[in-house]
Amino acid sequence: MGQITLSKPYNIINFVFLLILSLCLNISISLSQISLGVLLLCLIIYLIDNKYNIFIKDIYFTLFTFYWFSAILSTFFGSEYAALGKGLASPWPMLIFFVSFYFIEKRYIPYIIFTFALGLFVTTLSGYYYYYLFGETNHLYFRSHSFAGGYMMTAHLLSIGIIFLISVLLTKLEKNKFLIIFYIIVIITSIHMLLITATRMPLLTVILVVSLMFVIKFRWKGVLAAAVLLISVVIYIFSNDYVFNRFSNFFSSFNNPLSSNGWRLLLWKNGWEVFKEYPLFGIGVNAYEHFMVHVMPENNIFMPLSHAHNSYLMHLYTFGIFGIITFILFYGKIFYDLIRNIFKSPYAFSGTAIILAYFLEALTEYNTGLSMSSMQVLFLLGSILGIMKKDNIL
């Protein structure tokens, strides 16, 4: 890691809280949001001092403003069950993208990567702690959670963290051999912890995205590396009864409304019926569960109803057609800027892998609406695009 020289206390505060953010994003949502609040105040000071009009000079912020506006519209024009306060506040954690975008410096990156990996390692160790000490008598049938939250949240954080650290190694963004060894340890333990959560989509996403990274980076050698990864995961799945059961009934359970897949289909089907009543601006934040309780069959209402288990459909139902368009524009702009530069910058390569994984996991979970998982991803993407901007790649 290089020596950082900061000329003003203001810059030191930015750097310190960026480090705190990168550490806490995999551990604590409360500490992450406190750090974000401090950095947002610094961002406001930065914009005032530089007389910078972020609304017209930053396309990302302009698109985000439209997205936030859609949440406001859904609050006022949605259903009577929309929560006013939550509707106005729901997109605010996404502002983490802008503090990392504006305050990141290339000399910060090694420190950001290290603290992020350290936080991921703590989450993994805490997952082991819950798994072996607080699981059921037969812990092989206990889906471990961690400091970060339940097994689903833990799985989402682990999967993105694994993909990010592997991209760091593949692009040689870190060259210190001792740190490389540490990152390899974090990756291996995190993959094992991800398997323990027995959460299918994050695991499948890691396999698919990492395999794709191998192929893009190493061509035919990458195909062999991807095959080794796939074979290793398959061997583990077949050797663990619980994980094997989770995957073996993946397709056969679609017709069972009490299975995770059958339940998702039922949520999507009934959510669509509700959406047709509020197509333009949606039903509003916090209204989804109320509608589902009333439209779902009575014998199934004990199943989780808080969201649609699909980010795209959940945004459509909650914010309506206007909301899903603004959602696509904001994330689509980020994805476009990354993928068109994937062969020009190692940061673009890493960012493309992260957002692709994020999009894939959104097919079966509301990861884009969960503060902790969305903050983790948007912090990394903001940092990556901020460096690309300063390198004149964007």
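Where does K172 sit in the fold? In this predicted model, K172 is found in the loop that links α8 and α9 (177–197). Its backbone is a bit unusual on paper: phi is positive, at about 60 degrees, even though K172 is not a glycine. The residue counts as exposed because its relative accessible area is 60%, and the cut-off for that label is over 50%.

H309 makes for a handy companion case. It, too, is a residue other than glycine with a positive phi, this time near 55 degrees, and it belongs to the loop running between α14 (288–295) and α15 (311–339). As for burial, H309 has a relative accessibility of 12%, so it counts as buried, the limit being under 20%. The H309 side chain has a polar partner: a contact of 3.1 Å links it to the side chain of E365.

E365 turns up again in the surroundings of R143. This arginine is placed in the loop between α7 (109–133) and α8 (151–170). R143 is buried but forms no salt bridge. Its nearest side chain of opposite charge is that of E365, and the separation is 7.7 Å, whereas a salt bridge would need a nitrogen–oxygen distance within 4 Å. What the R143 side chain does have is polar company of another sort. One of its polar atoms lies 3.2 Å from the backbone oxygen of A198, and a polar contact of 3.1 Å joins it to the side chain of T199. With neighbours within four places in sequence set aside, the contacts of R143 are Y151, I196, T197, A198, T199, Y242 and R246.

Next, the empty space inside. Rolling a probe the size of a water molecule over the atoms reveals where such space remains. The structure contains 2 cavities of 30 Å³ or more, and the largest has a volume of about 90 Å³. Around this largest cavity, the lining is made up of I109, I112, I113, F164, L173, Y347, S350, L380, S383 and I384. At least two of the lining residues come from each of α7, α16 (346–361) and α17 (371–390).

Finally, there is F343, in the loop between α15 and α16. With a relative accessible area of 67%, F343 is exposed. Its C-alpha atom is 26 Å from that of I96, a residue 247 positions away along the chain.

How values were computed: Residues numbered from 1 in each chain as written. Predicted model: local features only at pLDDT ≥ 70, side-chain atom pairs only at ≥ 80, totals over all residues. Heavy atoms only, no water. Helix = DSSP H or I, 4+ residues; strand = E, 2+ residues; numbered from the N terminus. Buried < 20%, exposed > 50% of the residue type's maximum accessible area, 1.4 Å probe, protein only. Lys, Arg positive; Asp, Glu negative; His and termini not counted. Polar contact = N/O pair within 3.5 Å; in protein donor to acceptor, adjacent residues only side chain to side chain. Contact = heavy atoms within 4.5 Å. 1 Å grid on protein atoms, 1.4 Å probe; cavity = no way out; pocket = protein on both sides within 12 Å on 5 of 7 lines; lining within 4 Å. Points joined across faces, edges and corners; volume = space filled by probe spheres on them.
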